[in-house]
Amino acid sequence: MPSFFRKIFRSYGLLVRESRFLKISLLIFSLIWSGALIIFFADGYYRSKGWAGLVDSLYWAMVTISTVGYGDIVPSSYISRIFTIIFILSGPILLSLITANIASIFVERKLKEGEGLEEIRERNHVLLCGWNENAERILEGIFEKMERSFVVLINELERDEVQSILFHFKEFGLKFVRGDFIKADVLLRANVKGAKAAVILADTSSPRYHIDKADERTVFAVMAIKSLNSKVRTCAELINPENKEHLLRAGADEVIVRGETTGSMIANAVAFAGLGEMMRILVNEEEGIRFWKIPVGSRYRGKSVGEVSQQLRGKYGALLIGIIQQVEYIRLEDILSEDMTAIDLFIKRKFEESGKDFFSEKKRFKYIINPSDDLVLEENSFLVVISHKRPTEGKIMDRIAINP
């Protein structure tokens, strides 16, 4: 459906959900039918025209209350003429009232959007929880790699900062929800139950929370999101690598430790001239180089890495650099340590109290970099390649994004 018609239906749905609009509409509807029935019986249309006269009566009521008044149907009885006077006087008042209410509803909605108080009704969207100096770059990457993705920001930035971000990404229809992303009511307002993925950043958006508490809030955010929707794929950013184990126990699907690769890149840059710049170009996907993910499926199942690598190289100029293999589903016991620390017991108790099975569909992956040519590919695996152009083959291609 074209975006123009989607906006029309969305606006109409907004009006229908407003009780005051429905009350005024019901009042006008009742008035029109009352006038039509009075004309129908008082002027004898039911005898002279039968049920066709009811159509004429409705037509008269519509053109009279809307102040159009063509004059092609004229009331003849005293009762109908008295009611016509009431119609003529009340019509402009009611129409002005409903117009003013429609305007106020949309203005109120716009104000709520600006303040981040609007409830998100879209589905299959991405939540970006928190904000820091890398957030804009992450947003650009999401919009580039996850085509037609709808993103909702959840943070406590100042209004001016939020407006600047929304304006910068206005072509992507970015939405904003104000509040603390570890609270259930805020996540529900962002429609976490309809989201497909969530990115939790090391948050610096609110002066109320010190940066030292960022990792703790990230862990709580993952737990809150998973408790509301266990199918949301979560990618979380950490500052302290020592907290990675706790975050994985909380249910995070992907964990990115800030600065984790910096030391290796600096060491390579010092040891080998030009290698650091080469790594930077690859990581930042400069010069048109992109990472892509290809499901093995039935197309490549049973074939060797060497054979598939030659096909991809010859057809798309793509270089196969790794394989992601799904090995088994993860269990709660797998993420808890054997000595069951206080944190482990707390996490286990929270999962048990929820009464939900968060791990029945929790996948575990094995990552193979530079696989040997004789390795046979399995169906439940993905190929990771780099190339300048998208190696499309029907609908089996998908860019590497939050979902592996």
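The following exchange walks through the sheet, the helices and the cores of a predicted model.

Biologist: Which strands stand at the edges of the sheet?

Modeller: Six strands form an open sheet with parallel pairing, in the order S3-S2-S1-S4-S5-S6. Two of these strands each have a single partner, so one side of each is left without a neighbour in the sheet, and these edge strands are S3 and S6.

Biologist: Which residue of S4 is the bridge partner of Leu127?

Modeller: S1 and S4 pair in the parallel sense over four bridges. Leu127 is also among the residues that touch the most other members of the largest nonpolar core. Its bridge partner in S4 is Ala198.

Biologist: Which element gives the largest share of the largest nonpolar core?

Modeller: This core has 30 residues, and the elements that give two or more residues to it include strand S1 (126–129), strand S5 (233–238) and helix H9 (214–228). The helix lies across S1, S4 and S5, running at about 175° to S5. With seven residues, the largest share comes from H9.

Biologist: Within what arc do the buried residues of helix H7 fall, seen down its axis?

Modeller: In an α-helix there are 3.6 residues a turn, so residues three or four places apart point the same way. The buried residues of H7 (residues 159–168) are Val162, Ile165 and Leu166, and they pack against helix H6 (135–145), S2 and strand S3 (175–178). The face turned away from this buried side carries the exposed residues Asp160 and Phe167. The buried residues line one face of H7, because seen down the axis they fall within an arc of 95°.

Terms used: Residues are numbered from 1 along each chain as its sequence is written. This is a predicted model: local features need pLDDT of at least 70, side-chain atom pairs count only at pLDDT 80 or more; totals for chains, interfaces and linings use all residues. Side-chain values use heavy atoms; hydrogens and water are left out. A nonpolar core is a set of buried Ala, Val, Leu, Ile, Met, Phe, Trp, Tyr and Cys residues joined through side-chain atoms within 4.5 Å. Buried means under 20% relative accessible area, exposed over 50%, partly exposed in between (1.4 Å probe, protein chains only). The arc is that of the directions from the helix axis to the C-beta atoms. Contact means heavy atoms within 4.5 Å. Two strands pair if DSSP finds at least two bridges between them. Axes are lines fitted to C-alpha atoms, for helices over the stretch in contact, and angles run from 0 to 180 degrees between N-to-C directions.
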